[in-house]
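This report describes the surroundings of a ligand and a strand that contributes to them.

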Amino acid sequence: MPARIVAFSGNTHRPSRTRTLVEAVAAELSRLRPIDLKVYDLVDAGTAIAVAGRSALPLPAARIVEGIESADALIVGSPVYKGSYAGLFKHLIDFVAPEALVGKPVVLTATGGGPRHALVVEHSLRPLFGFFSAQTAPTSVYAGDAEIAEGRIADEIVRARVAQAAAELARLLDAAQGAVAPTALPVAAAR
Ligand SMILES: Cc1cc2nc3c(=O)[nH]c(=O)nc-3n(C[C@H](O)[C@H](O)[C@H](O)COP(=O)(O)O)c2cc1C
């Protein structure tokens, strides 16, 4: 069975560098393993996602949250906004059930306007997925404006990191598929 992969990007405009980056990781992964890929971004979620409860989410956004929860592995990306992940990216992730990502392999990616906020993947995204007890790939990928042009990765080092992250995701998927599912922490311990 192909692995069910969800790539989710926190972009609010298209074309999007962040979407290009998550798609690049997915393309590399597809060279290594058979995958069934769904790519979503915040534009797919629609404009009515500013709700407080999951039951009030519009259907397209609810489907993204369900897709994230039921995937075998995730490739996530966010544009850097004010030194961190985008607020609406976090807003959608806030609807994901705390136990749904336990042990799930995840690649972390982000794009920004320049090199200064490259560590947002380590300082913002990794702790967020640490909350969920997800298995994040050791290699995360960040690209600045100059490194993605016309829908393509224009930088050799970013390309190499994309390939490395995809290879790590493939190995994490193999391990997750052969392993006994880890148990979620009791909710009180996760909070
Ligand atoms: C509201 C806003 C805040 C931003 N803040 C940052 C920032 O703090 N650091 C940075 O490097 N880039 C910042 N940027 C630039 C975007 O992160 C960058 O252009 C990104 O690649 C856009 O991704 P997208 O093409 O997927 O929308 C900001 C852009 C916007 C619109």
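How do the residues of the shell around the ligand divide into nonpolar, polar and charged? Three are nonpolar, 10 polar and five charged; here Ala, Val, Leu, Ile, Met, Phe, Trp, Tyr, Cys and Pro count as nonpolar, Asp, Glu, Lys and Arg as charged, and the others, Gly among them, as polar.

The model is predicted: local features need pLDDT of at least 70, side-chain atom pairs count only at pLDDT 80 or more, and totals for chains, interfaces and linings use all residues. Residues are numbered from 1 along each chain as its sequence is written.

The ligand is surrounded by 18 residues, the closest being Ser16, Thr18, Pro79, Gly112 and Gly113 (near means a C-beta atom, placed from the backbone, within 6 Å). Helix H1 (17-32) and strand E3 (73-81) are the elements that give two or more residues to this shell. Helices (H or I, at least four residues) and strands (E, at least two) are DSSP runs, numbered from the N terminus.

Eight of the nine residues of E3 are buried, that is, with 20 or more other C-beta atoms within 10 Å of their own, C-beta atoms being placed from the backbone. E3 pairs with the strands below; pairing requires at least two DSSP bridges.

| Partner of E3 | Sense | Bridges | Opposed residues |
|---|---|---|---|
| E1 (residues 3-9) | parallel | five | Phe8 and Val76 |
| E5 (residues 105-111) | parallel | six | Thr111 and Pro79 |
| E4 (residues 84-85) | antiparallel | two | Tyr85 and Val80 |

E3 and E4 form a hairpin with two residues between them. In the turn, Lys82 has a positive phi of about 50 degrees.

Technical notes. Buried ≥ 20, exposed ≤ 12 C-beta atoms within 10 Å, placed from the backbone.
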